[in-house]
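Me: Please take a close look at one part of this model, the sheet, and then at what can be said about the helices, rings and backbone around it. Plain wording is fine.

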Amino acid sequence: MRAKASRRLVIDASVARAAGGKGATYPLSKRCRDALTTVLDVCHRAVMPPAIRDEWNKHQSVFASQWRVSMVARKKLLLEDVPADPSLRREIEAAPATEPGREAMLKDVHLVEAAQAADRTILSLDDTARGLFAGASRRVRALRTIVWVNPGAEGDRALAWLKAGAPPEAGHRLRAGEPRP
């Protein structure tokens, strides 16, 4: 039997905050819990440099904290530091966006930097940031290679996608003006 594909994923603290326990009934809590469980079961790895780790420490749910312990026990949590990418940050600062939009992208650019250092894949509930980065991808070519999946959105089909090995499907990439699945 062939092993399942495993990828290095950047998981935003928004997913950790929303993930509910086994008794959770709210759809978003269940979807985030199921996404994290699938990451663990498929043996994907989570990339967690200090900036992301700090956000998780502040916002993770009880379930996400337990999940993280399981990931560490299986050596599936990658804690390396990821250096800032000054070139990417300059390009984002120069991208055509509102000042609040630019500030929001710079606030979350560490997710993109971590994804670039791994398998270019982000799991996040933040569709606003996703839209801003997708819009900036017209000018910032490096953003076009980033896959951004919202495990809380039914249309993203996150569980099936994770079980299939989290392939870098074109429909999940940050692209300006292209419809999402």
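Reply: What follows starts with the sheet and then goes on to an aromatic pair, a helix contact and two backbone angles.

The model is predicted. Its sheet is open and has five strands in the order β3-β2-β1-β4-β5, with parallel pairing. The edges are formed by β3 (77-78) and β5, each of which pairs on one side only. Strand β1 (residues 8-11) runs parallel to β2, and three bridges join the two. One pair of bridge partners is Leu9 and Ala46, the latter in β2.

The edge strand β5 also takes part in a ring contact. There are two aromatic pairs in the model. One of them consists of Phe133 and Trp148, with 5.9 Å centre to centre and 40° between the planes, a tilted arrangement. This pair links distant parts of the chain: Phe133 belongs to helix α7 (residues 127-136) and Trp148 to strand β5 (residues 147-149), 15 residues apart. Phe133 counts as buried because its relative accessibility is 0%. Trp148 is likewise buried, because its relative accessibility is 0%.

Next comes a helix contact. Two packed helices are described by the angle between their axes and the distance between the axes. For helix α3 (residues 50-59) and helix α4 (residues 62-73), the axes come within 9 Å and cross at roughly 135°. The crossing angle therefore makes α3 oblique to α4. On the α3 side, the contact is made by Arg53, Trp56 and Asn57, and on the α4 side by Ala64, Trp67 and Arg68. By residue type, the contact of α3 with α4 has three nonpolar, one polar and two charged residues.

Last, the backbone. Most residues other than glycine have a negative phi. Cys43 is not a glycine, yet its phi is positive, about 70°. Cys43 sits in the loop between α2 (27-42) and β2 (45-47), and thus leads back to the sheet, where β2 stands between β3 and β1 in the strand order. With a relative accessible area of 30%, Cys43 is partly exposed.

Ala166 is another residue other than glycine with a positive phi, here near 55°. Ala166 lies in the segment after α8 (158-163). Its relative accessible area is 0%, so Ala166 is buried. Cys43, by contrast, is partly exposed.

Technical notes:
Residues are numbered from 1 along each chain as its sequence is written. This is a predicted model: local features need pLDDT of at least 70, side-chain atom pairs count only at pLDDT 80 or more; totals for chains, interfaces and linings use all residues. Side-chain values use heavy atoms; hydrogens and water are left out. Rings of Phe, Tyr and Trp (its six-membered ring) pair if their centres lie within 6.5 Å; planes under 30 degrees apart count as stacked, over 60 as edge-to-face and the rest as tilted. Helices (H or I, at least four residues) and strands (E, at least two) are DSSP runs, numbered from the N terminus. Buried means under 20% relative accessible area, exposed over 50%, partly exposed in between (1.4 Å probe, protein chains only). Two strands pair if DSSP finds at least two bridges between them. Axes are lines fitted to C-alpha atoms, for helices over the stretch in contact, and angles run from 0 to 180 degrees between N-to-C directions. Angles under 35 degrees count as roughly parallel, over 145 as roughly antiparallel, 65 to 115 as roughly perpendicular and the rest as oblique. Contact means heavy atoms within 4.5 Å. Ala, Val, Leu, Ile, Met, Phe, Trp, Tyr, Cys and Pro count as nonpolar, Asp, Glu, Lys and Arg as charged, and the others, Gly among them, as polar.
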